[in-house]
Every structure is written in structure tokens, then in C-alpha cells.
Amino acid sequence: MAVAIILLLVAIASVVFHLFSPWWWTPLASNWGYIDDTITLTFWITGAVFVAVVAFMAYCVFRFRHKEGRQADYNPENKRLEWWLSVGTGIGVAAMLAPGLVVWHQFVTVPAGATEVEVMGQQWQWSYRLPGKDGRLGTSDARLVSADNPMGLNPDDPNGKDDIVIQNDDLHLAIGKPVKVLLRSIDVLHDFYVPEFRAKMDMIPGSVTYYWFTPTRTGTFEVLCAELCGAAHAQMRSKVVVEEEKEYHAWLEKQRTFAELSGQRNVAKAAYKTGSE
Amino acid sequence: MVDVPFDTIAGIPAAEAPDVELYHPKSWWTRYVFSQDAKVIAIQYSITAMSIGMVALVLSWLMRLQLGFPGTFSFIDANQYLQFITMHGMIMVIYLLTALFLGGFGNYLIPLMVGARDMVFPYVNMLSYWVYLLAVLVLASTFFVPGGPTGAGWTLYPPQAILSGTPGQDWGIILMLASLILFIIGFTMGGLNYVVTVLQARTRGMTLMRLPLTVWGIFTATVMALLAFPALLVASVMLLLDRLLGTSFFMPTLVEMGELTKYGGGSPILFQHLFWFFGHPEVYIVALPAFGIISDLISTHARKNIFGYRMMVWAIVAIGALSFVVWAHHMYVSGMNPYFGFFFATTTLIIAIPTAIKVYNWVLTLWRGDIHLTIPMLFALAFIITFVNGGLTGLFLGNVVVDVPLSDTMFVVAHFHMVMGIAPIMAVFGGIYHWYPKVTGRMLNEALGRFHFWVTFLGAYAVFFPMHYLGLLGVPRRYHDIGETAFIPASAHDLNAFMSVAALIVGFAQLVFIFNLIWSLFKGKEAGGNPWGAASLEWQTPETPPGHGNWGKELPIVYRWAYDYSVPGAGRDFVPQNEPPARLSAQGAHP
Amino acid sequence: MSVIVLFMVGIAAIAGWWLSQQRLTAKPWLEEGVSVDLREESTASPQAAKIGLGVFLAVVGSLFALFISAYSMRMNMVDWRTLPVPALLWFNTGVLVLSSVALQWAYIAARRDDMDGIILGLLSGGAFAVTFLVGQLLAWRQLNAAGYFVASNPANSFFYLITAAHGLHVMGGLVALGRTAAKLWRGAEVKQVRASVELCAIYWHFLLLVWLVLLGLLTGWTDNFVDICRQLLS
């Protein structure tokens with residue numbers, strides 16, 4: 001009896017905890033509301049299954065626990081019941097999978113108008129790069145990384161001259177504009193993770209990964225690293241500021257381009273050039 | 001299989017293996033230390049696995065202390081925290097669970113359950129244990145080498161696993177990889193034994209469809225492990241070469257602490273593919289034996305045949321096969337080709353169907369049963385709850401787009417602890433309480449056992465159920481300190497403290513269990529040969545504990561499946577597998 | 001990863017075929033009494049050892065399939081520079097074929113109770129295998145002397161790694177062969193070693209097969225096949 005009640009209580013407590021938990025996802029700040037919806041749907045389906053299984057079990061324990069003289073039924077199988085249950089499970093699974101795949105299709109399809117933003121991870125900080133007036137990012141290479149070219153940008157690439165480089169500072173984005181985030185690392189795996197945007201993707205040294213999203217809410221959001229990257233993994237922080245178009249442009253005006261930055265360090269750069277290759 | 005009418009051959013005597021085949025110990029050393037008897041090897045495996053498991057348990061306490069009360073314990077810093085999580089994960093998954101289920105339960109139960117005298121290659125079986133022990137010692141030695149054990153996370157992802165930003169980069173990672181390689185070699189020796197014993201050494205009458213599900217689970221898991229572990233071997237060897245010889249299998253051009261390294265061109269993703277090609281089957285390598293054990297516990301203690309035995313067998317085989325085509329669901333956000341997501345999400349969710357069938361059949365076995373709430377049964381019930389819980393959250397993470405926000409958060413940590421930590425451990429405990437009387441001849445203490453059960457089950461649930469919600473909130477995993485983060489409310493820290501206290505209590509309950517194991521060995525109630533009234537063959541040995549060669553003079557003959565409980569018209573509520581059918585014994589046809 | 005997936009499909013086909021022979025649709029609760037299956041009367045150890053070897057070969061096959069998978073994924077990267085295959089490898093291949101032939105000879109001799117044939121076959125097979133290993137070492141030295149170091153290019157790394165893995169398996173085979181020969185030395189009779197000789201022969205043929213596949217891979221003959229495999233999954 002006590003066992004049956006405790007089993008049932010475990011299920012009830014889980015549901016109550018779920019309903020009243022103050023720990024819930026952060027308010028959405030991107031277009032990925034569909035992801036939240038899929039999670040909610042999944043919660044409903046799986047929650048129902050969990051409660052049903054545990055309640056059934058608790059009932060069995062209550063109803064059929066051993067008493068003097070009880071004899072168990074002899075019932076090796078029931079093909080019909082098993083098939084029905086399998087089909088039912090299949091339907092439940094499909095109900096979760098189908099919307100998931102539809103949303104995933106959106107997730108991997110970057111809209112044509114998305115502006116590119118580059119995020120570069122390194123132990124243990126974030127750097128950002130925005131395309132300049134030409135709207136294109138220049139090439140980069142980890143081999144070019146040096147004290148005065150920390151992002152390893154290619155100085156000979158004309159596309160890169162006007163790229164805006166943001167070092168040790170926050171990234172700003174304009175609200176409502178789809179962004180394709182290009183992710184790059186120069187040392188180990190990192191993962192550009194802003195909980196409010198829902199989307200995330202690992203960055204891999206040696207290649208460029210991406211995802212896209214549209215910021216839908218102004219505010220300042222924390223950036224964390226979500227892929228173990230060594231001792232100071234937990235301290236690898238930054239911020240993303242989503243703001244209105246006008247403020248965004250005002251901020252953009254104040255940022256400096258790669259050419260400006262490297263111009264200041266001409267002397268150092270010359271020394272670097274003879275040093276490499 | 002030849003379809004021979006049963007009656008015509010019913011009188012055939014047991015097939016007797018020639019005596020020379022069996023190895024006989026000649027001294028104390030070869031009887032108890034360098035023994036080739038699978039039962040002794042099983043106990044050696046179990047004790048070693050549980051010992052190193054205790055180390056991992058202590059590591060989990062330290063981790064929980066740090067997470068619950070960050071900054072309070074000055075002896076735990078970020079580096080050590082990473083070393084703790086790495087060693088904890090690696091030990092629990094490979095050196096404890098895999099070794100205990102296959103090396104421990106497999107060695108003890110396979111020969112007894114199939115009616116064999118021993119494993120088919122006893123010498124290789126012995127070697128398997130000693131290589132395993134060596135692997136464990138090499139692993140444990142990393143705690144004492146300069147730089148300490150590796151802190152790369154149990155996934156050992158390059159490039160960081162072998163770079164200087166990660167603790168244990170000098171000796172820790174090298175010895176870890178060496179230990180894994182040894183483990184795989186040792187396991188392969190043992191695994192060949194388990195497979196061939198099931199294939200070849202079944203006693204007369206023991207057809208595949210008469211095998212207990214425990215044997216099916218262990219057998220399938222072993223086949224999977226034999227095929228999957230090479231992937232870990234390949235990954236380990238190549239990573240070791242990258243670290244030692246400076247090759248660039250996995251290492252791209254990169255900058256290490258401001259210095260350009262000599263590496264170039266390699267693919268970190270390649271490592272992840274290899275790792276998870278092993279890593280996902282590994283989940284089922286741990287789960288399938290647990291499935292089997294739970295099936296047998298429920299059936300025995302509910303005095304009812306397992307419901308849908310055939311479906312259970314097919315499901316085990318289907319899960320085993322499918323688990324080789326789902327590996328990349330661990331890599332949805334790894335940066336691999338995003339279109340793989342469609343394929344792997346689909347295969348992953350399909351695997352939920354046979355798994356769900358198993359759950360249904362367990363609970364349907366309880367229906368109209370005669371449920372004895374013994375400790376093994378309690379653990380079986382707890383297994384179902386935790387496994388269902390963890391399995392259902394697997395549907396979140398397997399569904400590619402849902403995985404995106406949840407991956408690398410505490411949700412994942414909670415999920416895999418529930419489904420392949422707590423649930424299999426429930427099966428381990430249930431199995432130990434169930435078979436301890438056969439192994440030692442004595443029962444484990446009932447009161448201590450119930451205390452152990454309730455604290456472990458409710459405590460572990462209290463640790464890992466709320467943890468999902470930290471993950472939903474967005475708390476990333478592998479953070480030694482979430483620190484001041486705007487989106488994380490202060491209450492999350494309180495929740496962490498609560499989970500830590502629960503974890504410590506659960507941890508101490510395990511000491512009660514260890515005490516019970518030792519105390520009952522000497523003071524436990526005498527068990528007799530078949531205290532649970534079980535029908536499967538291992539309970540029908542002439543001696544308890546089973547003697548050398550298991551079966552006395554003649555091998556048993558099997559006349560029925562392993563689940564003849566509460567058969568209408570039978571005298572008692574179980575019929576042992578080796579009991580001749582009534583009409584035969586009446587005729588006296590059986591010699 | 002497509003090579004290993006194809007390999008696993010092959011294994012699954014074998015396992016499925018075997019399972020289909022096992023009456024998995026039987027209803028065991030209806031079948032009381034003794035039933036006999038095919039392995040009746042064959043529980044003696046040679047049969048078990050042969051099945052054990054079969055399972056082991058599947059494991060080794062999986063290992064090499066994984067190496068090949070890794071190879072085919074890594075060779076896609078831009079820094080891959082195929083290295084020239086030393087001519088010595090062709091000689092080594094010939095020697096390995098001879099070794100396999102010698103073991104087959106020994107096996108046939110064992111079936112005919114021809115003790116001299118067994119000894120001749122085993123010894124020459126062993127000698128050829130040792131020659132093969134020495135030849136492989138020489139090939140390594142030639143490559144090293146020509147400046148193809150293990151870490152200088154992934155193609156080189158894979159060459160050394162894969163040949164080493166194969167060589168280690170040949171050495172393991174030599175240990176088994178040595179034990180069989182030692183049994184003969186101590187005066188064992190033909191029927192006591194017949195099974196061991198057969199197992200050695202099977203293992204040798206398997207390693208020869210693996211070597212031919214690896215050779216095809218290292219010389220680039222199988223590039224087209226690898227390309228097809230790669231496209232299957234990407």
C-alpha cells in the first residue's frame with residue numbers, strides 16, 4: 001500500500017514540480033518561438049505517458065500485491081494489445097518528430113536577406129566582426145593570428161579592409177533583421193550560446209559553422225560558452241545588445257574597421273610580416 | 001534448428017562434456033586469484049568495478065559540493081572540477097557499468113543460465129579480467145601523476161583534450177587513452193567468451209527462445225560492444241598519436257595560448273563521429289543488460305511469466321541493430337552537415353518504439369500478478385520509473401530542433417544520469433539483491449536493504465529530476481560555477497544546494513549497501529538453493545553457491561522456457577526449467 | 001563513416017540470417033519437452049574455437065573498417081598529399097600471399113594426416129609472415145629516408161598507422177602459429193593440432209584479404225569506391 005502511494009506521489013510530485021517550477025526557460029528574444037512550441041508539445045505528450053505508466057504501475061502494486069492465496073494470471077502474450085500499443089507509440093513519436101523536422105528545416109534554411117556576423121571564439125574570450133560597407137567579410141586564417149591581428153584576418157583581402165572588428169566589447173544587433181552568425185574558432189571547440197535566442201552551434205577550429213536567427217526583443221543578453229573549452233570555460237562571457245535600428249547605426253558609426261586598427265599598428269605589423277612565412 | 005517432435009527425443013540423456021575440457025584449480029592461487037572459473041572471475045570483476053566506482057562516487061560528492069556551495073571549498077578549483085567530471089563520467093560509464101554488467105553479471109550468469117559448466121575459453125576469460133584490472137590501475141594512477149588526470153570531459157574532444165588550456169594535458173590524457181586501449185583489449189577477450197558461450201555451450205533443450213531475457217540482454221549488448229569498442233580504440237589510438245607524435249588526424253591549424261602549433265588540417269568532427277559511433281551503442285550496452293535483468297526480476301517477483309516474451313526478444317535485437325545508426329544525434333550542434341539532422345532525428349525517435357514496447361510489457365507483467373514487494377522488485381519498479389523518465393527526456397534531445405536549445409545544458413546531464421546512470425544502477429542493485437543468495441548462499445539484510453532502496457531511489461530522483469529544469473533555464477553543463485549570470489535567478493543556487501545535499505545523502509546510503517554486502521556474507525540468513533522460487537536454470541544448481549563445474553555430474557536438460565510461473569494446474573507457482581513434463585516423469589522416461 | 005556503416009550492414013545481414021534460422025517466432029510457452037537444435041553433438045571445443053575466431057574476425061573487420069572510414073574522411077581535407085607507395089610493398093604482398101598459400105598447404109596436409117606437410121606448411125608460412133613484417137619495416141625505413149615522416153602529412157600518418165595495425169595482427173597470428181608449432185615440437189599428433197592449423201589458416205587468409213583492401217586504399221585504387229561511399233552519406 002505504502003509503496004503504491006509513494007510511486008504515485010513521485011509522479012504527482014513531478015507534475016506539480018513542473019507546473020510550479022520557477023525555473024523555466026528565459027523569455028524568448030528571437031524568432032525561434034517554434035522551438036519553444038515543439039518543446040511544449042513534447043512535454044505534453046511525454047508527461048502524459050509518464051503519468052500513465054507510473055499510475056498504472058502504482059495501481060498494479062496496490063491491487064495485485066501479494067496476499068495469502070493469490071494466484072497470478074497466466075497470460076504469455078496478447079498480440080493485439082501489443083500491436084495497438086506499438087501503433088499508438090508510433091503515432092505519439094510521429095506527432096513530436098514531424099513538427100520537429102519542419103522547424104529544423106527552417107533552422108537550416110538561412111533567409112536570403114540575412115546579414116552576416118562573424119563570431120570568433122578563443123580561449124577564453126569572444127571577438128566579433130561585422131561586414132563593412134561592401135557587405136562582405138574578408139577571409140581569415142588561424143595562421144595569421146598575432147598580437148596585432150588577433151582575429152587572424154587576411155590583410156591582403158580587399159573585402160576585409162572595411163570589416164568592423166570588435167574586440168573585448170559587446171556585440172550589437174539591430175532588432176528585426178535576420179542574422180546569419182558565422183562561427184569560427186582559432187584554438188578549441190567553443191559554442192556561442194545566448195539562452196534567449198535558443199539557437200546555438202559549436203565552433204570548430206579549421207572550419208566555419210553557422211546558424212541564423214532574427215532578434216525580436218531589445219535588451220542586453222549574456223553570451224556563454226556551451227562547449228567545454230578548457231580551464232576557464234565558465235568564465236568565457238560576453239554580451240549581445242539588441243537595439244532599435246537607429247541606435248544600432250549610431251553604435252556602428254563608432255566602431256573601427258580592420259584597416260583602421262591595423263593602420264595604427266603599422267610598425268608592429270611590418271615586424272609581424274617578416275616573422276611569418 | 002531441426003523440428004523434431006518433442007516426445008520422440010524426450011528420453012535422451014544429458015549431453016555430457018568430456019571431463020578434460022574443464023579446468024581444475026590446483027592451488028589456492030589458481031582457485032581464488034588466477035582462477036579460470038567464470039564465477040570467480042565474475043566476483044573479481046564486480047569487486048574491482050565497484051571499488052573504482054566508489055572513487056567515482058566520491059568524485060561526484062566533490063562536484064556536488066562545489067556546485068551546491070560554490071566558493072566554499074577552497075580545495076576545489078576550476079581545473080580540479082573538470083578533472084572530477086571527466087574521471088567520474090569515464091569511470092561510471094566504462095569501468096563501472098560496462099564492466100559490471102558484462103564482466104560481472106555476464107560471467108556469473110551466462111554459464112549458469114544457459115546450463116554450461118563454464119565459459120568456453122576459460123583461460124582467455126581470466127586474461128580478460130587481469131587486463132581489465134591493469135586498465136583500472138592505469139586509470140587510477142592518473143590521480144598521482146604530475147598535472148593530475150585529464151579534465152577534457154569524458155568525451156575527450158580534441159583539440160582541447162590534448163592542448164595546454166586543459167588540465168591533465170601532459171600525463172593525464174596519455175594514460176587515460178592508454179587505459180581505454182587496455183580496457184578494450186581486455187573486454188574483447190571477455191566478450192568473445194560471452195558470445196561463444198551463449199552460441200555454443202547451451203545445454204540440451206536450451207533453445208534461444210528459452211533463454212532468460214537477462215542472457216538475451218547481455219548477449220546482444222556484448223555483440224554490440226565487440227563491434228562498437230573498435231571505434232573508441234581507433235579514436236584513442238589516433239588521438240594518442242596526435243598527442244605523442246604530433247600527427248594531425250584530428251588537429252586543425254590552431255593557436256595554442258598565442259602560439260601557432262605545428263598541427264594542421266585535421267578534423268575534430270572526425271573524432272566526434274568515431275567517438276559517438278562507439279558512444280551511442282555504449283548507452284545500449286549498459287541498458288540492454290539492465291532491460292534483461294529487470295525483465296527477470298519482475299517476472300520472478302510478480303510470479304507471472306514475462307508478458308510478450310517474443311516481443312521482448314525482438315525488441316532487444318531491434319534496439320541493438322538500430323543503435324548503430326543513431327550516433328550523430330549527439331552531434332546536432334557540433335557543426336556537422338546540418339542535413340544529417342533529418343536522418344538521425346528520425347532513426348533516434350524510431351528506436352523509441354521498441355524501447356516503449358519493453359516498458360509496456362514490464363508493467364503489463366505486473367497486471368494481475370502476485371506481486372511480492374521484495375527488494376529486487378522495489379528496485380525493478382524504481383528502474384521503470386527512472387528509465388521511463390530518462391527515456392522520455394531522450395525524446396526531447398533526440399528531436400533535432402528541440403536539442404538545439406537544450407544541448408550542453410544541465411538538461412542533458414539530468415537526462416543521461418536518469419537513463420543510463422540511475423536506471424541501470426537500479427538494475428544493478430536489484431540484480432545484486434536478487435542473485436546474492438545464489439552467489440553466497442545467504443540473504444542480504446532486509447531492513448538495511450529497504451533503507452538503502454528508499455534513500456537511493458527517492459534521493460537520486462530528487463537530485464536529477466529538478467536538474468532538468470536548471471537545463472531548461474539555460475544553465476550550461478561543465479561549469480564549476482555559474483557565477484553572476486543575469487538570467488539565472490538566486491533560487492537556482494538554492495536548488496543546486498538542495499540537489500547537493502540530496503546527492504550526499506544518496507552517496508552515504510551506498511556505504512550502508514557496502515556494509516550490508518560484507519555483513520550478510522557472514523551473518524546473513526541462510527538462503528537455501530532457490531529462495532525466490534525462481535524458474536530459471538541458475539537457481540536449480542545442485543549446490544549453493546554453485547560448485548566448480550556448476551552442475552555436479554550431469555548437465556541439466558531443459559524442458560521449458562524460463563518463465564513458467566503460476567501455470568494453471570501446476571502444483572506450485574513455478575516450474576523449474578529442468579523439471580521434466582508431467583507425462584514424462586509419470587512414464588519414467590527420464591533416466 | 002559510410003564504410004563502417006556498410007560493414008555493419010553486412011554484419012547485420014549475417015546476424016539476421018542466423019537469427020532467421022533460430023525459430024524466433026516460436027511460442028516457447030507452448031513447447032514443453034526437449035527440443036534439439038543444429039549445434040547438437042558439436043559442443044566440443046574445436047567448433048567453439050572456430051566460432052570464436054569468426055566473432056573475433058568480425059571485431060577485427062570492424063576495426064579496419066573504422067580505420068578506412070577515418071581515412072576516407074580525412075583524405076577529403078585540403079592538406080592531404082598522397083605519398084608514393086614504395087615498390088617494396090608489392091614484394092611484401094607477394095610474400096604474404098605465399099604465406100597464406102603455405103598455411104593452406106598445412107591445413108590440407110592436416111586433413112590428410114600428413115605430419116610432414118603440416119610442419120613444412122607451418123614453418124614456411126611463419127617464415128614468409130616474418131619476411132613480410134621485415135619487409136614492411138624496410139618500407140617504413142625507405143619512406144623515412146625519403147622524408148615522408150609520420151607527422152609531416154596525414155597521408156603518411158595513416159600509412160604508418162594502418163600498416164602498423166595490420167602488422168600487429170600478423171604478429172598476433174605468429175604467436176598462435178608458434179604455439180601450434182610448439183605443440184608439434186613436443187610430439188603432438190595430427191588430430192591434436194588439426195583444429196589449430198585450420199584456425200591459423202583462416203586467420204591468415206583473413207589478414208591477406210584485409211591487406212589487399214588496405215593496399216588498394218593506400219595505392220589509391222579504391223579512391224572511386226571511397227568517393228562513392230562518401231557521397232552516400234553526404
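In chain B of this predicted model, helix α9 (residues 340-350) and helix α10 (residues 352-366) are a good place to start: their axes come within 4 Å and cross at roughly 15°. Two packed helices are described by just those two quantities, the angle between their axes and the distance between the axes. Angles under 35 degrees count as roughly parallel, so α9(B) is roughly parallel to α10(B). On the α9(B) side the contact is made by B:Thr348, B:Leu349 and B:Ile350, and on the α10(B) side by B:Ala352, B:Ile353 and B:Pro354. Sorted by character, the residues of this contact come out as five nonpolar, one polar and no charged.

Stay with B:Thr348 for a moment, since this residue of helix α9 of chain B also has partners elsewhere in the chain. Leaving aside neighbours within four places in sequence, B:Thr348 is in contact with B:Val326, B:His329, B:Tyr332 and B:Gly398. Buried means under 20% relative accessible area, so B:Thr348, at 10% relative accessibility, counts as buried.

Helix α10 of chain B turns up again around helix α8 of chain B, as part of what covers the buried residues there. Helix α8(B) covers residues 309-322, which is 14 residues, and reaches 20 Å from its first C-alpha to its last, close to the 20 Å expected at 1.5 Å a residue. Its buried residues are B:Tyr309, B:Arg310, B:Met311, B:Met312, B:Val313, B:Ala315, B:Ile316, B:Ile319 and B:Gly320. So what lies over them? The cover includes α6 (213-244), α7 (268-301) and α10 of chain B, together with α3 (79-108) of chain A.

Between α7 and α8 of chain B runs a loop that holds B:Arg303. Phi of B:Arg303 is near 50°, a positive value in a residue other than glycine. That's worth a second look, because most residues other than glycine have a negative phi. B:Met257 also has a phi near 50°, and this residue sits in the loop between β1 (255-256) and β2 (259-260) of chain B. Are these two residues buried or exposed, or something in between? B:Arg303 is buried, with a relative accessible area of 4%, whereas B:Met257 is partly exposed at 45%.

Backbone oddities of another kind show up at two peptide bonds. Most peptide bonds are trans. In chain B, though, a cis peptide bond joins B:Thr544 and B:Pro545, with omega about -5°; B:Pro545 lies in the loop between α15 (490-523) and α16 (582-587) of chain B. In chain A, a cis bond joins A:Gln123 and A:Trp124, with omega about -10°. A:Trp124 is found in the loop between β1 and β2 (125-130) of chain A, which brings us to the sheets of that chain.

Strands of a sheet pair through backbone hydrogen bonds, either parallel or antiparallel. One open sheet of chain A has five strands in the order β3-β2-β1-β5-β8, with mixed pairing. At its edges stand β3 (164-167) and β8 (209-213), each with a single partner strand, so one side of each is left without a neighbour in the sheet. Neighbouring strands here are turned by 25° against each other on average, direction ignored. Within this sheet, β1(A) (residues 115-122) and β5(A) (residues 179-185) run parallel and are joined by seven bridges; one of the pairings matches A:Val117 with A:Val181 in β5(A).

Another open sheet of five strands in chain A follows the order β4-β10-β9-β6-β7, again with mixed pairing. The edge strands are β4 (171-174) and β7 (200-203), which pair on one side only. From one strand to the next the twist averages 25°. Strands β9(A) (residues 219-225) and β10(A) (residues 238-243) run antiparallel, joined by five bridges, and the partner of A:Val223 in β10(A) is A:Ser238. Helix α5 of chain A (residues 245-254) packs on this sheet, touching β4 and β10, and its direction makes about 140° with that of β4(A).

Chain C is helical in its elements, with seven helices and zero strands. Its C-alpha atoms fill a box of roughly 70 × 50 × 20 Å along the principal axes. Of its 234 residues, 50% count as buried. Among contacts in chain C between residues at least 6 apart in sequence, 80% join residues at least 24 apart.

How values were computed:
Residues are numbered from 1 along each chain as its sequence is written. Chains are lettered from A and ligands numbered from 1 in the order in which they are written. This is a predicted model: local features need pLDDT of at least 70, side-chain atom pairs count only at pLDDT 80 or more; totals for chains, interfaces and linings use all residues. Side-chain values use heavy atoms; hydrogens and water are left out. Two strands pair if DSSP finds at least two bridges between them. Helices (H or I, at least four residues) and strands (E, at least two) are DSSP runs, numbered from the N terminus. Axes are lines fitted to C-alpha atoms, for helices over the stretch in contact, and angles run from 0 to 180 degrees between N-to-C directions. Contact means heavy atoms within 4.5 Å. Angles under 35 degrees count as roughly parallel, over 145 as roughly antiparallel, 65 to 115 as roughly perpendicular and the rest as oblique. Ala, Val, Leu, Ile, Met, Phe, Trp, Tyr, Cys and Pro count as nonpolar, Asp, Glu, Lys and Arg as charged, and the others, Gly among them, as polar. The expected span of a helix is 1.5 Å times one less than its number of residues. Buried means under 20% relative accessible area, exposed over 50%, partly exposed in between (1.4 Å probe, protein chains only).
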